[in-house]
Structure formats: structure tokens, C-alpha cells
Amino acid sequence: MWDYSETVKEHFFNPRNAGAVADANAIGEVGSLSCGDALRLTLKVDPATDTILEAGFQTFGCGSAIASSSALTEMIKGMSVDEALNVSNQDIADFLEGLPPEKMHCSVMGREALQAAVANYRGEVWKDDHEEGALVCKCFAVDAVMIEDTIRANGLSTVEEVTNYTKAGGGCSACHEPIEEILTKVLAEQGKTFDPTAAPPPPAGKPKLGNLARIRRIENAIEAIRPNLQRDHGDVELVDIDGKNVFVNMTGACSGCQMASTTLEGIQQRIVEDLGEFVRVLPAQAMQTAAASAD
Amino acid sequence: MTQATSGIYLDNNATTMVDPAVVEAMLPYFTEQFGNPSSMHQFGDRVGRALKTARQQVQALLGAELDSEIVFTSCGTESDSTAILSALKAQPERREIITTVVEHPAVLSLCEHLEKEGCTVHYLKVDKKGRIDMQQYLDALSNKVAIVSVMWANNETGTLFPVEEMAELARSAGVMFHTDAVQAVGKVPIDLKRTAIDMLSLSGHKLHAPKGIGVLYLRRGTRFRPLLRGGHQERGRRAGTENSASIVALGKACELALAHMDEEKTQVRKLRDRLEQGILQTVPNCFVTGDPSNRLPNTCNIAFEYIEGEAILLLLNKLGIAASSGSACTSGSLEPSHVMRAMDIPFTAAHGTTRFSLSRYNTVEEIDRVIEAVPPIVAQLRRLSPYWDAAANAPVEEPEAAFQPAYA
Ligand SMILES: Cc1ncc(COP(=O)(O)O)c(C=O)c1O
């Protein structure tokens, strides 16, 4: 059973503005019959002021499609046509106090109907450029078509990259198998094979830093963090850099502080972000051990 | 969603109420009868005896020749997977499977996965009433086929498939035959010893036993490879300490199902027909899907044209009536039920399909309340539908032409 908000239920059980507006001068018809939703939006717009005087909907669709239609008509009544065009899918979902991820397409349909109706009012032809695929990532409501298009457009080849570009797979990670399947399919079209163990290629356009530049970046990152630590009467200094290991000394309140390891993580994150590569930040005491275990 | 505490439950193909006698039978196996049936002491022995009784109760309902042909599993899905994967593992030279387009995902998803691993799957098509194309079946049978898996009854429409005849054909072609009988067991009489069926799946929660218990019937002599290896439980065919409370429950439920079998084709069928006639007579533009002359006695699936199933369910639920739908929206997928699409039901009707599935616990009063509730709900949703002419109370003329939205 869907977890519908009270507002969704309210608008479904008591839809506002149901039916067609009698003398409408803006009509938008959109939908995807295969997915079970279709919507006709009828508006009466005052040609002198471009204000939407009346709005009505007819919807073939599920509970949230009906609720989204009802919400949309409530929201845009009294708006100018231009204001109405600024209503986003998220605005519709927010008005309804949220929609389940599987149901976000219902709010998309409302917005598209509005665009179609405005185009009709202005004597233009509205072209839908949005294709919808099966929902893959439920955490962030990302569908298969969106993932495929993003892989093609950006030449992606790993699940990690797909997550970085689309957010898909960044939540519970249960959809990594379907993402791998999509990668396999798209890469096969390009004559490549999907390699699940491949490391993501280095970010394009970021040439590898020279040694000196790299050290400066690390120094700068640490400098940027110091004021924060000093506020808590601590400090940090760079001791050495050995490949991927960055050794630092925690001083003042930071040395022996319970939070030292958390602080190290924070410093590490900062350096990784600034540097665009992975490094490990270690306390200087670890230099011996690191050297001993190096192969 | 506000849950009706005492509602009208017409969703028995999804799951059933556990019979109070079944609950009573299983309860001691959570408390004093906690032993491990494999153990060499009285605690284990008492449970072991109870499992033996349960196995015989299942055997009786299925008409199996031997009680050793009953293998307890964790659910219908596990039984389906075990059967199909076993056939492939036991006959590595055979890489083809025959099944139908209208199977439950327990079989379909597995087959789609096996295709990725290099198997060839023949999906038998169905006609507008959901009946299998037997010529296609005969053409697909060959010595390359590892297993035929065809459901006994379809969960959405209740349509029955000629599995006994199909099993004979498979046997004469030297091919193993499995049937997913999850929806059929307990609703129609079954006598496996007189058939050529090699394997059969059933699931406890569809016949008034708890969820999470199933059976794979495995005809003696059928070549088999277990899904789970480990201990010697179930004669090594399904390792893992037995779910004794649920096995006892399933045994009891099978005994009750056998005792009530006649009621299914008399009382339950009568109620189902009353519901169906009541709705068809009062609601315009609706029709029964599947094969009405050859289906489970408890199932009725009606397509209400020009409205959507989830909306119907939400309004029914408000009145405390539980049913289910083949619409895309109820499953969160973008497509209406694969069963409705396979029968070539138009989208405008497929999305409005509503399944009412009864059990021996339903009463005539309940059915009459549903007959009263449905027409206003359908009318209410049609008033919102762009395909419906509210003034004429009929579909707009040539609905699919009159309303042609820009498709996404
Ligand atoms: C035909 C069919 N097969 C298999 C299953 C799966 O059974 P279980 O839920 O016990 O895994 C079901 C239940 O939904 C079913 O209807």
C-alpha cells in the first residue's frame, strides 16, 4: 500500500475543480496511456491580463494522479500564465506534502498538461520531449531512460559514475544490479563490455597534478582547516607526504582528543575534495608502521 | 491509510486469513514443542512425529502416492526456483525452458534471469481469454528442453490451464513437467498420482496456513538437485532446520481444505457468481477477463473501462472492502499487468481491472454490500475521466479518438 500523505488522500477523495471548464480558451491533453495516466486540463484565461480565471481537470489515473491534478488546478487559479509556467513538479509534490518516488511521474504529468494548455492558448504547438522509463532507483526516483541517456551523453562506464551523475544507486544500493544491467546494455551498443571491477576513469579535464602543485594543494587545504581547529584550541601541521599517505601532527587540544580520528577524517575529506584524488590522512606516529607495511 | 478493522476481505488470491484451527494447531510448536526434529531425544521426537503427520496431510490433499514426495520449503517462490533450477542442473545438456507469458513473477523473473545466463525460454502465448496456444507448445517440445513450467491456475484471472494434458505430452516427449499450483491447491481437486506431473509448487498462505511455508511435490524418481545443501533435512533435498510450527500449520490447513473442497465448487462459486452478476448488471462498460467458463471457483476479475484500478481500490478501501488490481499504479511499474497485456486487453480497460477473490469465510451479506458499493464508485471516477461523457453517462463517442493526449 502506498504511503500517501493526508493531503494526497484529501485531494483524491474530494478533488477540486473536477470536470471541464465550459468556455475554456486553453486546453492541454497529455499522458501516457501505457502507464495508466492521462489528463486533460482546461483553463479560462483572461486575454487582457493573462490571468487564469478558472481551471478544470479530467484525469484517467490513479489516486495520486487525481490528487496531483486537483492540486495543480488549485495552485494556478489566479496566477498569470507566466507565473503558472514556473510551477515545478516539486512544487506540486510539495503542495501535496510529498509523493512516493514511484508516483512522482503523476506530478510531471500535471506540469506537462499545463505547458500544453499554455501553448494552446498562445497558438503554439507543444512538443513533449520527455520519455519515461521504469523506475530503477527508488531512493532518488531515477528511471531507466534517464540513466541510459546519462550514460550515453557522458560516456559513463561504472556504477559509481552513474551514481555521481544521476544520484541513482546512491541510497540503499539495492538497485546496483539493474544499473549494472543498463551499463552492460549501453556499453554493448558501443561495442564495449561492462567491467564491474573497473576503477572509474580519472575525471576528464583535470590533468594529473605535478608533484609540487600537489603538495601546495595539500598545504593549502590544511591551512584552510586550521582556523577551525584553532578556535577549539587545537592545531594541525603537515609532516610528510608519501604517495597516497599524508602524515600530520595534531597539536594542542587536538592531540589525544577523543575526536582526533574524526578530525583526521574531516581533514582527509577536505584534501580529497581539493585534490580530486584519494589520499589517506594519518597521524605522524603512523609513519613507521606505514613504512614497515609498505610493499 | 486507515485500516478497516472489520472489513470485507475479497483478496484471497493475495493471501488468506489463517484458519483459527490452524493457529491452534501450530501454537504449541512455539512453546513446549520446541525440539529439533533431528534430535535423539523425546523433545525432538515429538516434533518429528508432528512433521510426519503434516506430510501425510499434504500428501492427502495433493493425492500424492508417497509422503516422501512432499518437500517442505519456505514459500511458493522457493519451490518454483528449486524446481526449475534443479531441472537445469540435473540435465546440463538441456538449456531450454518452456513456460507461459502469464506466469507469476516467481517463474517469469527467474526465466528472464536464466535467459541472461544463456538459456532459451519459450514463452507460450495466450488468446484473448487467456487460453494457451497448444500448437506452440507442441512445436517447442524437444529433447533440448530441460523443463516445462506452467501454472495450474492464473492468480489474476483464475483461468485454469490444461496442465494434466500438457504433462502427458511432456512425458511422451521425455521432458520434465512442473506446475506452479499455488493458486489451485485447496480450490480445485488434485490427484497427482494419476497425472504425469513431476513437480508441483504450493504455498501455505494461499490456503489459510501462515506465510513463509511452501511445498515442492517431487515425484519419486524425478532427477533432482537441491537448491540448499547442508543438513539432511527433507532427505537432503532441502537443508535447513524445519519450520516446524508452520509445517504443522500447513498440514492442518491441508486437512481442512480437503474437508471443505466441495464448498469451493458450491458455496464459494455461488457467491462469486452472485457478485459478478450483480456488478455486470448494474455497471455499464465492464467485462469479465480471462476464461469465465474455465476458472477457479473463487476468482472474478472485472475490467472497468475508462477508469484506473488503484483509484477504485482506494475508494473501496474507504468502505472497508479489500480487492486488488492489475493497474500499473498499484505495482509502481509503468505497465499494466502482464497478464492483461498478454490477453490483448486494451490499455483503457487493463488499467481498470479489479480482482475479487473469495474464500469459504465470505458471506452473502458481504457480497451484497460489495454489489451495492461498486456502481457509485465506478460512476464517481468516470465523472473525472476524460473518456467519459458525464452528461450522457456513457463513454464519449469513439473514446480513443476523441481524447488523444500527447503521449509522453
Ligand atoms: C501463482 C503464484 N505463484 C507463486 C506465488 C508466490 O508464493 P509465495 O508468496 O509463497 O512465495 C504466488 C503468490 O503470490 C502465486 O500467486
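**Exercise 1. Find what share of the 408 residues in chain B is buried.**

Solution. Start with the term: buried means under 20% relative accessible area, exposed over 50%, and partly exposed in between, with a 1.4 Å probe and protein chains only. By that cut-off, 58% of the 408 residues in chain B are buried. Next, the source: this is a predicted model, in which local features need pLDDT of at least 70, side-chain atom pairs count only at pLDDT 80 or more, and totals for chains, interfaces and linings use all residues. Residues are numbered from 1 along each chain as its sequence is written, chains are lettered from A and ligands numbered from 1 in the order in which they are written, and side-chain values use heavy atoms, without hydrogens and water.

**Exercise 2. Describe the build of chain B: how many helices and strands does it have?**

Solution. Count DSSP runs, numbered from the N terminus: helices are H or I with at least four residues, strands are E with at least two. Chain B has 14 helices and 16 strands. Its radius of gyration is 22 Å, close to the 22 Å of the globule rule for 408 residues, so chain B is as compact as a globular protein of that length. The radius is taken over C-alpha atoms, and the rule is 2.2 Å times the number of residues to the power 0.38. Along the principal axes, the C-alpha atoms of chain B fill a box of roughly 75 × 50 × 35 Å.

**Exercise 3. Split chain B into its domains.**

Solution. Take the bounds from an automatic or database domain assignment. Domain 1 of chain B covers 20-259 and domain 2 covers 261-397. The C-alpha centres of these two domains of chain B lie 30 Å apart. Now look for contacts, meaning heavy atoms within 4.5 Å. In chain B, 31 residues of domain 1 touch 25 residues of domain 2 by this contact rule. Over chain B, 71% of the contacts with a separation of 6 or more join residues 24 or more positions apart.

**Exercise 4. Locate A:Lys167 and B:Asp344, and give phi for each.**

Solution. Begin with A:Lys167. This residue sits in the loop between α7 (159-166) and α8 (176-189) of chain A. Phi of A:Lys167 is near 75°, a positive value in a residue other than glycine. A:Lys167 is partly exposed, at a relative accessible area of 48%.

Turn to B:Asp344. Its loop runs between α11 (338-342) and α12 (347-350) of chain B. B:Asp344 is not a glycine, yet has a positive phi of about 65°. B:Asp344 is partly exposed, with a relative accessible area of 48%.
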